Amino acid sequence: MFIGIDVGGTFTDAVLLDRGMVKATAKVVTRQDLLSSLLEALDSILQGVSPDLIERVVFSTTVITNLIAEKKYDPVGLIIIPGPGLSHAHYRFATQTHIINGAIDYRGREIIPLDLKQVEQAVEELEAAGYNKVAVVGKFSSRNNKHEKEIEKYIKLLHPQWQVELGHTVAGQLNFPRRVVSTMLTCATREKYEFFVRSVFQALEQRGLQAEIYILRADGGTMRLKNSTKAPIETIFSGPAASTLGVQALLPPGETAVVVDIGGTTSDLALLLSGQPLLATRGVCIYNQLTHVRALAVKSVPVGGDTTLSRQQNRIVLLPGRQGPPFCLDGPAPTPTDALRVLGLFHKGDYDKARQAMHMLGAELNLSCTETAVRVVDLVVDTIVQEINEMFKSWEQEPSYRVWEVLQKKKVRPTTVVGVGGGAAGLITQIAARMNCQPVLPPYASVANAIGAAVARPTLRVSLRADTQQGVYTIQEEGFQGKIEDGNFNEEKAIALARTWLQRRAENAGLTSSLGEVEIIRREVFNVVRNWVTCGKIFDIGVQTQRGILHYIGGGGR
């Protein structure tokens, strides 16, 4: 049996699957005491089931996604060492940024020593501004982390309690701006993510579950939860990936549809083309800046059932962020869920309190409670539809979308909108109508993200770096360094070597039966030049076992 659990900002969803059949589902409130929410969800789906029967547990979470969407994290200061090249005017990041002199070249050699006076001044200014989280990124720190470590040592000497995130531990790939953004986001979310991981392990231990434990990556692959704290950024869009895989598992094979997961805090948008989730080939984009996070082409919109509503002059507006549950469920302010309750599209909570919430918004606009509720629902639907249309501009630039469009033999967009998540039942019909599409609310829609986590295919990665001039290669995941014996070592042989190591890892993990087609996720080649002559090559290769779902959902449940 498999368990899938999605920890959202508002609800924690859980499912128990047995050979593709849903045996039990649960939906509990996500509390500040996350452990109690996890235990409640586990107890609900494991009634009468021995923990020994559970083969694996896969988690996904929108906690980190919501944190980013609502910008509810401590500010992160930035110290960067870009070295010579681009003008420093190009390095514009939305936080206090200090540029330090110093440089490591692309081979990892120090060509300009670090200016410690500048480091000292930067730390003083960050302290004065109240920062206690700092991201430190050097341009080629993945080749030599000396400067990053020197800055970390200095900061820790003065401020041992500060959180310092180093670029070389977050992203090994090149592209300096993306590495900077990736490191900032890792620094911003690490504390919350580590709390999440600790709570998960405590919950499983207390319920005697000995199964393998995974977390869903943003690209729909998985990794062992115990290893995920090394790279929490990989899970930033874990929740949206889970809802996408969930819809894939709940629809017939080969379906094409827009996926709208309407939760309490955010709405997540994704696209299925002929049954396969669309991948963002350039990495996920956050705050209009690309990162090194490999992810499905998803977007989280900060609009959900619990979004706070306010009146500004003669308009009703959506405020960013969630203050708490809906007013009809004893929350502090009116929300879209209150409007749905008044219109009979949501059936929980106090009806009179929902009307009171609408009266608070609409009385001074001379609107009745029902008219106010209609206006609120129109506002939410318009906002989500506008975001979907904006997202299509990105989706249509993806190579997979263009191939799909060619196969349709005409320029066309999907005509099916699938709604999942707690708010889908009340809104998806109107969203689809506004887009002139067919609405679909699949079975188990309210826990689709937990289903997506449960059916996600386990994946493994191997990252190989080979330097033919030095005659060595390394396998990052294994901490292995070996010699290159072949004098004609080239790109094809580097890929073959990475595949061999991936096969070896899969055998050790017992995953050979689900290895599937190996995916090349990174492929970079650099010439090593001496005295105007190429004297070697550097290969950076990443391979991964096949992503996707293990099976489609066939029904059942209790």
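In this predicted model, helix 9 and helix 10 meet through a small set of side chains and backbone positions: Arg-355, Met-358, His-359, Leu-361 and Gly-362 on the helix 9 side, and Cys-369, Thr-372, Ala-373 and Val-376 on the helix 10 side. By type, the residues of this contact split into five nonpolar, three polar and one charged. Helix 9 covers residues 351-362 and helix 10 covers residues 369-395, and their axes come within 8 Å, crossing at roughly 80 degrees. That angle falls between 65 and 115 degrees, so helix 9 counts as roughly perpendicular to helix 10.

Turning to the cores, the largest nonpolar one has 91 residues, and Ile-3, Ile-54, Phe-59, Phe-196 and Ile-451 are the ones that touch the most other members. Helix 6 (residues 176-206) puts in the largest share of this core, with 13 residues. Apart from it sits another core, this one of 46 residues, including Met-358 and Cys-437. Met-358 also turns up in the meeting of helix 9 with helix 10.

Back in the 91-residue core, Ile-451 has contacts beyond its neighbours within four places in sequence: Val-15, Val-22, Gly-246, Ala-249, Leu-250, Tyr-444 and Ile-553. As a rule, nonpolar side chains in soluble globular proteins tend to be buried together.

Then there is Arg-217, a residue in the loop that links strand 11 (212-216) and strand 12 (222-224). Its relative accessibility is 10%, under the 20% cut-off, so Arg-217 counts as buried. Sequence neighbours within four places aside, Arg-217 is in contact with Thr-222, Met-223, Glu-234, Ser-238, Ala-241, Thr-459, Arg-461 and Gln-544.

Conventions. Residues numbered from 1 in each chain as written. Predicted model: local features only at pLDDT ≥ 70, side-chain atom pairs only at ≥ 80, totals over all residues. Heavy atoms only, no water. Helix = DSSP H or I, 4+ residues; strand = E, 2+ residues; numbered from the N terminus. Buried < 20%, exposed > 50% of the residue type's maximum accessible area, 1.4 Å probe, protein only. Contact = heavy atoms within 4.5 Å. Core = buried A, V, L, I, M, F, W, Y, C linked by side-chain atoms within 4.5 Å. Axes fitted to C-alpha atoms, helices over the stretch in contact; angles between N-to-C directions. Parallel < 35°, antiparallel > 145°, perpendicular 65-115°, else oblique. Nonpolar A, V, L, I, M, F, W, Y, C, P; charged D, E, K, R; others polar.
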